[in-house]
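Biologist: Please pick one part of this chain and take me through it slowly. I would like to know what it touches, where its partners sit, and how the rest of the chain is laid out around it.

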Amino acid sequence: MRTASQNLFISQPTLSRRIQELELELGVTLFNRSNTNDIILSPEVKQLLVKVRKVLDQIDSISSIFESDGLLENNGALIKVGCLSNF
């Protein structure tokens, strides 16, 4: 958890609290924690990752439409994806 919090530039307690809040909101356990400090993805998270990867692939596909048409002047683009909390 410490490495993840460092990579995200937030404190470990903040990351732990955010994960707990998300677990409560979703009603599922995201990580299976063991006595050896190992954190293993729960089956629900594995399913979620499959779906998220598909969404990200679709976003990449949409971005490539603009790139191939020369509509982007530079190599970078920012696409923001939002979701309502009750969605």
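**A close look at Leu15**

Modeller: Setting aside residues up to four places away in sequence, Leu15 touches Met1, Ala4, Ser5, Leu8 and Ile10. These contacts come from a predicted model. Leu15 itself belongs to helix α2, which covers residues 12-26. Its relative accessibility is 10%, so Leu15 counts as buried, the limit being under 20%.

One of the partners can be placed by distance. Ala4 is 11 residues from Leu15 in sequence, and their C-alpha atoms are 8.3 Å apart in space.

Ser5 is another partner, and its place is in helix α1. Ser5 has a relative accessibility of 3% and therefore counts as buried. Beyond four places in sequence, Ser5 is in contact with Ile10, Ser11 and Gln12 as well as with Leu15.

Ile10 takes us out of the helices, into the loop between α1 and α2. Leaving out residues up to four places away in sequence, Ile10 touches Ser5 and Leu15. Each of these two is also in contact with the other, which closes a small set of three. Ile10 has a relative accessible area of 33%, and because this falls between 20% and 50%, Ile10 is partly exposed.

The loop that holds Ile10 also holds Phe9. Is Phe9 buried or exposed? At 77% relative accessibility, it is exposed, since the limit for that class is over 50%. The backbone of Phe9 deserves a remark too: phi is positive there, about 60°, although Phe9 is not a glycine.

Now to the other company that Leu15 keeps. The largest nonpolar core has five residues: Leu15, Ile19, Leu30, Phe31 and Val45. Two of these, Leu30 and Phe31, are touched by Ser42, as are Thr29 and Asn32, again with residues up to four places away left out. Ser42 lies in the loop between β2, residues 39-41, and α3. With a relative accessibility of 1%, Ser42 is below the 20% limit and therefore counts as buried.

Helix α3 runs over residues 43-68, and Leu56 has its place there. What does Leu56 help to make? Together with Leu48 and Val52, Leu56 makes a nonpolar surface patch of about 240 Å². The relative accessible area of Leu56 is 45%, so Leu56 is partly exposed. That value is over 30%, which is why Leu56 can be part of a patch.

Last, the chain as a whole. Three helices and two strands are present, and from the N terminus on their order is α-α-β-β-α. The chain has 87 residues, of which 11% are buried; Leu15 is one of the buried ones. About 7,700 Å² of the chain is exposed, and 55% of that area is supplied by carbon and sulfur atoms. Of the contacts between residues at least 6 apart in sequence, 2% join residues at least 24 apart.

To return to the part chosen at the start: Leu15 is a buried residue of helix α2. Leu15 has contacts that include Ser5 and Ile10, and it also belongs to the largest nonpolar core.

Methods. Residues numbered from 1 in each chain as written. Predicted model: local features only at pLDDT ≥ 70, side-chain atom pairs only at ≥ 80, totals over all residues. Heavy atoms only, no water. Patch = residues over 30% accessible without salt bridge, like charges linked within 9 Å, V, L, I, M, F, W, Y side chains within 5 Å. Areas by Shrake-Rupley, 256 points an atom, 1.4 Å probe, with all protein chains shown as cover. Salt bridge = Lys/Arg side-chain N within 4 Å of Asp/Glu carboxyl O. Helix = DSSP H or I, 4+ residues; strand = E, 2+ residues; numbered from the N terminus. Buried < 20%, exposed > 50% of the residue type's maximum accessible area, 1.4 Å probe, protein only. Core = buried A, V, L, I, M, F, W, Y, C linked by side-chain atoms within 4.5 Å. Contact = heavy atoms within 4.5 Å.
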